[in-house]
Amino acid sequence: MERTRRLRTSKMIRSMVRENHVRIEELIYPIFVMEGENICHPVKSMPGINQYSIDRLEEELNRVVAAKIKAILLFGIPEHKDEVGSGAYDNEGIVQRAIRFIKGNEKYKELVVIADVCLCEYTSHGHCGLIRDGVILNDETLPLLAATAVSYAAAGADIIAPSDMMDMRVAAIRKALDENGFVYIPIMAYSAKFASAFYGPFRDAAHSAPGFGDRKTYQMDFANGREAMREVEQDLLEGADLIIAKPAMSYMDIIKDISKQFNIPVVAYNVSGEYSMVKAAAKEGWIDEKKIVMELMIGFKRAGAKMIITYHALEVAAWLREDYDE
C-alpha cells in the first residue's frame, strides 16, 4: 500500500523529491532611477524600496551583485514630462544614462539590464500612449515606443521589455531594433498585463498614475483568461522572445495556461501591491514573511514561470543562501 508520507519524513528527503525550486539566477529585481543628485528616497507604500538618483544607484547595485542576482528591471522617473513623453526616447534620458552608468562599471559587467519601455512615466497625462480628444491612440504611439526601445538598446540594455499594451507594439519594436543593428536584443513582452488594482504602489514609486480615467481600454480585463492567450500568441508572432504575466498572485492560472500552450519562457511579475500587502501584514505580525514569500515564489514556479520579477528579490536570495526548507 502506498504511503505518500514516507517521502516527507525529513528535510533531506523532502528536498530530494521536491518538484519545483527557486534559484537566485531566476530572480529579476526592479529598480527606480530618477533625475537629481544625492537621492535615496523611500517609497512610502513599498517598505524597503527606494528611488535612486544615478550618483546613489551604486548602493543598490552593490546589494544586487552581493546577492548574486543576475538581472534588474529599470524604471525611470524624469524631471520633466510632456504630452508626448519625449523623455522616454531622449538619448540623454534618465534610463539611458543609468544604463550607460551600469554598463560602464566593471563591477556590473555581468548584470543583465532589462529596460521597461512605456510612456506613462514620461507623459504629463500619465497614460501609456498619445492622446487625442481623451482617447489613447494606438498606432500613433508605436513609433515613440520603437524609438524608446532603440535608444535603450543603443545605451547598452540587454533586454527590452514593452509594458504599454498597445496593439502591434512588439512588431514595431522588433522592426526598429533590427533596422538599427540590434538583431540579437531580446524582447520581453508584457503580453498578459491586466488592468489591476494591484499596481497602486508602483504608481507611487514611478510617479505614473494616470491624470484622468484609467487604463482599461488598453490593459486587459481581469475577468478574461482566453483573451490573454490571444495576446500572447500575437506577441509571439510579432517577435517576442519572453512573455510576462502580471500580476502574478491572482493570475497563476494565466501563467499555467501560457506555459502549457506556448514553448516560451514565462516571467511572473510579482507586482507592487502584492509586495506591499505582504509587508504590511508582516509588520503587524499577522504572517511569517519569509514563509509566505517563499511559498509564493514556489507557487509561481509550480504554475510554470521560468523567471520571477519581484521586489522581494534581495530577501529571497538571502533566504535561498540560508538553504531555506520550503
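## Strand E1, helix H10 and a loop lysine

Strand E1 is covered on both faces: Leu27, Tyr29, Ile31 and Val33 are buried on one side, and Ile28, Pro30, Phe32 and Met34 are buried on the other. Buried here means under 20% relative accessible area, with exposed being over 50% and partly exposed in between (1.4 Å probe, protein chains only). Strands (E, at least two residues) and helices (H or I, at least four) are DSSP runs, numbered from the N terminus.

A word on what you're looking at: this is a predicted model, where local features need pLDDT of at least 70, side-chain atom pairs count only at pLDDT 80 or more, and totals for chains, interfaces and linings use all residues. Residues are numbered from 1 along each chain as its sequence is written, and side-chain values use heavy atoms, with hydrogens and water left out.

Back to E1, which runs over residues 27–34, with eight of its eight residues buried. Its pairings are listed below; two strands pair if DSSP finds at least two bridges between them.

| Partner of E1 | Sense | Bridges |
|---|---|---|
| E4 (residues 71–77) | parallel | seven bridges |
| E3 (residues 50–53) | parallel | three bridges |
| E12 | parallel | two bridges |

As for who sits across from whom, Ile31 has Leu74 of E4 as its bridge partner, Phe32 stands opposite Gln51 in E3, and Leu27 is matched with Ile308 in E12.

E12 (307–310) turns up again around helix H10, since it is among the elements that cover the buried residues of that helix. The others include helix H8 (252–261), strand E11 (266–270), helix H9 (272–283) and helix H11 (313–321). The residues of H10 tucked away under this cover are Glu289, Val293, Met294, Leu296, Met297, Ile298, Gly299, Phe300, Lys301 and Ala303.

How far apart are the end C-alpha atoms of H10? They are 21 Å apart, and that agrees with the 21 Å that the 15 residues of the helix (289–303) should span at 1.5 Å a residue. The expected span is 1.5 Å times one less than the number of residues. At the N-terminal end, Asp288 acts as the cap, with a side-chain oxygen 3.2 Å from the backbone nitrogen of Lys290. Just past the helix, Gly304 takes a positive phi of about 125°.

Now for a loop residue. Lys107 sits between helix H3 (94–103) and strand E5 (112–117) and is partly exposed, with a relative accessible area of 45%. Neighbours within four places in sequence aside, Lys107 is in contact (heavy atoms within 4.5 Å) with Glu58, Asn62 and Val65. The side chains of Lys107 and Asn62 are joined by a polar contact of 3.3 Å. That term covers a pair of N or O atoms within 3.5 Å; within protein, one must be able to donate a hydrogen and the other to accept it, and residues adjacent in sequence count only if both atoms are side-chain atoms.

Zooming out, the chain has eleven helices and twelve strands. Its radius of gyration is 20 Å, close to the 20 Å that the globule rule gives for 326 residues, so the chain is as compact as a globular protein of that length. The radius is taken over C-alpha atoms, and the rule is 2.2 Å times the number of residues to the power 0.38. Of the 326 residues, 54% count as buried. Residues 24 or more positions apart account for 75% of the chain's contacts with a separation of 6 or more.
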